[in-house]
Structures are given as C-alpha cells and as structure tokens.
Amino acid sequence: MSRAGLTTANDPSLQDDVAHLQEIVDPETNFRAVAGFTAKLVTVLAFGLSAYHFYTAGFGVLTEVIHRSIHLAISMALIFLLFSRADSQWSVRSTISTAFFSACYLWISWKAWSALGLAASSPDTIFFWGAVAVIVFLSLPNIRGNRAAAAADKGIGITDYLMMLLAASFSVYLIVFFKEIFIARVGQPIARDYLMGALAMILVAEATRRTIGAALPAIGMFCLFYAVAGPELPAEIAHRGFSMPRIINHLYLGTEGIYGVATGVVATFVFHFILFGVVAQLSGLGQLFIGLSTAIAGRFSGGPAKVSVVASSMFGMISGSTVANTVTTGSLTIPLMKKAGFRAPFAGAVEASASAGGQITPPIMGAAAFVMAESLGIPYVELILIAILPAAFHYLSVLLSVHFEAKRLGLGALPDEEIPSALAVARQYWHLALPPIVMVTLLLMRFTPFIAAFWGIILVVLVSYVPLAARYAGMPGLVKGEGGHVLTPRRIVEAFEEGARFTLVITATCACVGFILGTVTLTGIGFKLSAAVLSAAHAGADMIAFLDPFDLIDSRGAILFCALVLTAVACILMGCGIPTVPLYIILSAIVAPALYEFGVPLLATHFAVFYFGLLSDLTPPFALAAFAGAALAQADPMRTAFISFRLSIAKLLVPFMFVYSPALLLIDFDPVTFAFALGSGILSILSLAIGFTGFAFRPLGAVQRVVLLLCGLCLVFDQVQTIIVAGLVSLAIIVNNLLVARREARGAAA
C-alpha cells in the first residue's frame, strides 16, 4: 500500500468491480436492477425503514410485536421488489426444487384451510386461494431469462407489485388488528387469523428462497412436516403431532416463531450496527483501517499478507459480513500480496481467513456479541472481555502461517516508499476514529446498544464535516488531505438506503429461522437430538479407546472429543450460506444443548457453536468468503478454499481448547490453570502452523511435519501428561530446526 494507495478506495472503477464481484459471490447483495418509479419506491421504503430504526434507537421502540411487524412488513416488501425469482431454463434441479416448494405451499394451505371448515364461496376462502395461486405460480423459475429486463422498469411488473403487497400484508394485518388479536380475543384466533398465518409462512419461505437459495427454507419446510407427522415417525424422534392451525398459532400469532427472538434481534440490535457500518464506510473509515494496517504490519516479512490480516480484523468488526469484508479489503490487499510473490490461491485464502475473523473480534463482533449477551444473560462488557483471547488465537494462527510461508518463499517487507507513516495516516483520518471510539465507550459504560449506535451514526455524520470546517475556519493543518468523504444529505439518504438493503437477507433468514426455533419449542426435538449426539459420542469414544493402547486420552476426553467433532460437522453443514446472526441463533438453540449435556459450561457451548458455524464461509464446498478471495486473486476456488480452511485451523481448534479448558474463557478462573492452558494453546497453534507450512527456519521433512501436526492436536486436550509429552516433542523439533538452520547459515557465511 503506497501513500497514494490510501486513496485507491476512491477509484470509481475499483468500487464498481468490488460491487460487481460482491453481487456474484454474496447472495446478500444480489439485488436486481430497478429504475423509474420502482427505484424511487425502493428508495422511499428503504430510507423509511432505516429512518424508523434510527429514530427508535434514540427514542425507544414500540410494543414488541408491533415493532417487529413494522420491520418485517417493509423488509418483506423490499425483498420482493429487489430479489427476482430465478432466471433459469428448465433443468432437473430447478424442476425438483420448484415441485418441492410448490407442493409444500399447497400442502400448508390445504392443511390450514381444510381444518377451519370454511365454505368454498366465502370471501376469506376466495382471497386466500387466490393469493396462494399467485404465490405458487410466481415461485416457478422465470424461463424468459433476462429478456424481461428490456422493460422500462428492469423486469418489475404487476405480479412483483402484487407479491410486494402480499408480503407486507400479513405483518400489516397484525398491526391493524393488534388489539383484537392480542387483547380482546387473545388465545382465541378466528379463521382469518389462521389464513393470514398460512400466507405468512409461505411468503417467508419464498422470500428466503429468493435471497439465499433453497437450503434454509427446505429445512424450515421439513420442520413443519416433522411437527405435523409426529405420531408416524420412529420412536426415537416421535411426538404427539400438531394440527396446522396449532402450528400457525405458535409460529405466527406469538413470539416463538416468525416474530420470535431471531426477528427481534435483527429489528433491535443488528439493524442499527449494520447501518452504522454502512455510514462509517461511506465516510472513509475503511481508509483509516487500511492505512494504519499498512503502517503497522508492512515493515515485517510477508508485509502485504500481514497488512491484510490486520486490516481485515479492523474492518470486519463493523462490516457484519465475511464476504463483504473479503471483497472490500481484498480488492486492495490481494494484488499487493501477489505482487510481493505470494501464490494467487494463498493470497486469496489469507484475505478470506482474516476476514472471517472479523465476526469474532471484540468489541463489536459483527453484532453477534449483542445476541450472545442477550441469550446468555451476561453483561456485554464481560462478554467482549471473554472474547478477546479466542479471537487472538485465530489471528495468531493466520499470522504464523503467513510468516512461515513468507520465510519459506524468501519474501520480505514492503518497500519503504510504499509504507505510509502512521502519524500521516492519523493526521488525515483521526476524526473518523472518534465515532467508533465513542460508541464502544458507551457500550462499556453499559448504555444500551441502541443508544450507542444512535450516537455513533450521528457522530459519523458530524465528523465527516471536520475537514471542511477546518478549511473554512482557516485551520487546514487540522486535517491533512481530504480526510474522507463529507456525508451530505444526499449521501445520508444513499447510506440509509444501502443499510436497509444489507439487512434484507438477514431479515428473511431470521424469519425463516423462526420455523426451526418454533418447532424445537413446540415438539421438544432438541432433547432428542442431544440424546442422539450423546449416544454417537460414546460409540466414537469406544473406538478411540481401542486405538489408544497407552491411554493418552481418558474416557471423558474421548467422549467430549467425539461430541465436539459431531457438533463441528453439524455446525459447518448448517451454516452453509446463512448469515452470522441467524446462524448463531439456530446453532445455540439446536446444537449447543447437546454439548451442555456433557457438562460443558453454557458459555463455552455458545462460543463453540458460534466458532464452528463461522467456518462454513471457509469450508468447501460452500466457502463463499474463500470463493470471493479466489475471484479477486484469479485463482482456483477450491484450492483457495482448502488453503483458507488450513489457515483458519485455529478457529476449528479454539472451541476444543476452551471446552477442555474453560479457564480460557475466564470460567472458574485459576491463574495456574489459565497459564497452563494458554501456553499449551499457543504451542498447539505454533506446531500446526509449522506442520502445515512445512517450514520452521528451514524446510521440514514429511515425518517431522506429521509429528508436529499430531502434537498440535494432542496439545488441545486437558490431560496433563499428554500435553507435557506433546509439548516437549514439538519444542524439540522446533529448537532442533532452529539450531540446524543457524549452523547452515554460519557454514554458508564462512
């Protein structure tokens, strides 16, 4: 990053390329183009949604159900305007997917309507089946492809406006008839309530399918099948079964399903911080992060790669999206890494791995910290202090891998002329650091997240005028250079619109997550899943005992290890393509209880599933962040994904560390236990980084690499003798290679 390079973020062509790549790789930004009246309508709705949340952040929210209904009504309307149905020629895959969801929608509708016993000629029946027919028809792929885009409004037609109105209607219904539904006849819904609930479930599933694909809504549909078909299922997972009206009552007319905790989290926590992140980025805060990162890390071996790690950790805290973090910082850092001599797949993988760490980095953690604090009943300040060490382990792993790779390739630091002065960067952008500092200070002072975000957004707007004010006041030296971008009223409208757009996917997925959470609370399936994991873990422990004649791992450690492996696999599979916050909500409700059954502290179980779930962005074959890095690096996507997973191996092992040693999360803190666990954790990461890279001061042989990898894994366990043996072996190999490398260097010099 050169001194001039600090302004490359202002390059319109670069911004266009980044936006185009993000649309291709990240489903969260895959909006269709709109023009004319539709574009104006989208701006009004999106700005109105952001303005509403900004107002409630500072002056308080409405009644819980009404607040969430307003949020969902506007968001659902925007989803059906901005996300089109699939443009596809008929294929086996699209045919199967379409047939499945069409059948599901008709099944839900029939089960609800037939149970109510309404006359076929009643107005409610006619409206209901007419709406269902429209939804089912418009769930089919658009086989005309992109030819419809030739229309004046870029393919927006009367059917899209009809879907927009239907999507908003089920939430507007709750707002308009709130007193009747929740006060006058609470617990006694009428037929129209149930019919609107059936439409709500269908439209939420279709909205989620349009935004992120078929995986999550398919899981939601299977949850509904499970809730209905309980008595016909095998004894291990059977339950008494529920009628469709009973399910609708649970999922729609309460706060256990669509309007449950997942939607509430978006409407009261996540939205505000996504909006703050968008406003902060438009002001130029990212340029401050890039500049400081270059000044800090550019002077070390493998400088560009280390700049990528540091910059991504800073930017990732406010971006809220691993993929957005990857393409934004990667557009600047990946070309520098390739120019310095790193292979293209490695450069893309470094950026993806570092970007994934932004979601686990305090103090903001991509807004997941607020959700976790709310779920666990832990003060926010305490939670972010606990999260520091796990995040440090992740970045230590990536930095060590980068360092040894740079040493293996003989790569040095950035040239001095390409490293900006930290003082110069600070003088140019110092004012942009004030909003996040004030916001974090308010959070640490235990103000509500809403208030912190409210004042953070206000301060971003105010400080953007500091350079302009300094020039008018005759103090141009107060801010060196441009100092970011002034947030004019027009740019504020753009920021508010963009912020609302970025929340649409997470809103749809959280509403769909309500199907899963509601089914869990209605049927009690969570206890059955915990029992299944417990049984499988015992079976796996028996196999480990058979393969471990020296009893290096005790029975409890083996059982816990198998349970963690099963949990990791489940979390990675369930996390494919699902945004961070709804992913955590799902995993904490379904998977975390299984670990809790093994006596793992609740805090450790939530951290474990959160870390495991985030690996889905780096794990083939659904590694969206790695694919984004590969596209920027012009590298093979799968190879990049495997390297990014290897670089983030600590993120996979960190949950094992604090499950076996809860002292790392300050649980039952004891200084000796904490120090021992900390030392073994650092040595484990070091051993794995060297083993995977194959270089420690000099090239390693295959046997040494395998031994280091095995030792790195053994250092994760909590058995003292195992840690001591593995630690001594690892240190012996590393020190021996250091001594041999020094002898070879002296011989070469002589």
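These exercises work through a helix pair and one of its residues in a predicted model.

**Exercise 1. Set the scene.** State the helix and strand counts of the protein chain, and the share of its residues that count as buried.

Solution. The protein chain has 34 helices and zero strands. It runs to 750 residues, of which 58% count as buried. Now take contacts between residues at least 6 apart in sequence: 79% of them join residues at least 24 apart.

**Exercise 2. Classify a helix pair.** Decide how helix 6 and helix 8 are oriented to each other, and give the handedness of their crossing.

Solution. Two packed helices are described by the angle between their axes and the distance between the axes. Start with the distance: the axes of helix 6 (residues 158-176) and helix 8 (residues 191-212) come within 9 Å. Next, the angle: these axes cross at roughly 130 degrees. That value lies outside 65 to 115 and is not over 145. Helix 6 and helix 8 are therefore oblique to each other. Their crossing is left-handed.

**Exercise 3. Sort the contact.** Find which residues of helix 6 meet helix 8, and divide the contact by residue class.

Solution. Helix 6 contributes D160, M163, L166, A167, S169, F170 and Y173. Helix 8 contributes R192, D193, M196, A200, L203, V204 and R210. By class, the residues of this contact are nine nonpolar, one polar and four charged.

**Exercise 4. Place one residue.** Is D160 buried or exposed, and which side chain does its own side chain contact?

Solution. D160 sits in helix 6. Its relative accessibility is 10%. The cut-off for buried is under 20%, so D160 counts as buried. The D160 side chain makes a polar contact with the side chain of R32, at 2.9 Å.

Note on methods. Residues are numbered from 1 along each chain as its sequence is written. This is a predicted model: local features need pLDDT of at least 70, side-chain atom pairs count only at pLDDT 80 or more; totals for chains, interfaces and linings use all residues. Side-chain values use heavy atoms; hydrogens and water are left out. Axes are lines fitted to C-alpha atoms, for helices over the stretch in contact, and angles run from 0 to 180 degrees between N-to-C directions. Helices (H or I, at least four residues) and strands (E, at least two) are DSSP runs, numbered from the N terminus. Angles under 35 degrees count as roughly parallel, over 145 as roughly antiparallel, 65 to 115 as roughly perpendicular and the rest as oblique. A crossing is left-handed if the near helix is turned anticlockwise from the far one by less than a right angle, and right-handed if clockwise. Contact means heavy atoms within 4.5 Å. Ala, Val, Leu, Ile, Met, Phe, Trp, Tyr, Cys and Pro count as nonpolar, Asp, Glu, Lys and Arg as charged, and the others, Gly among them, as polar. Buried means under 20% relative accessible area, exposed over 50%, partly exposed in between (1.4 Å probe, protein chains only). A polar contact is a pair of N or O atoms within 3.5 Å; within protein, one must be able to donate a hydrogen and the other to accept it, and residues adjacent in sequence count only if both atoms are side-chain atoms.
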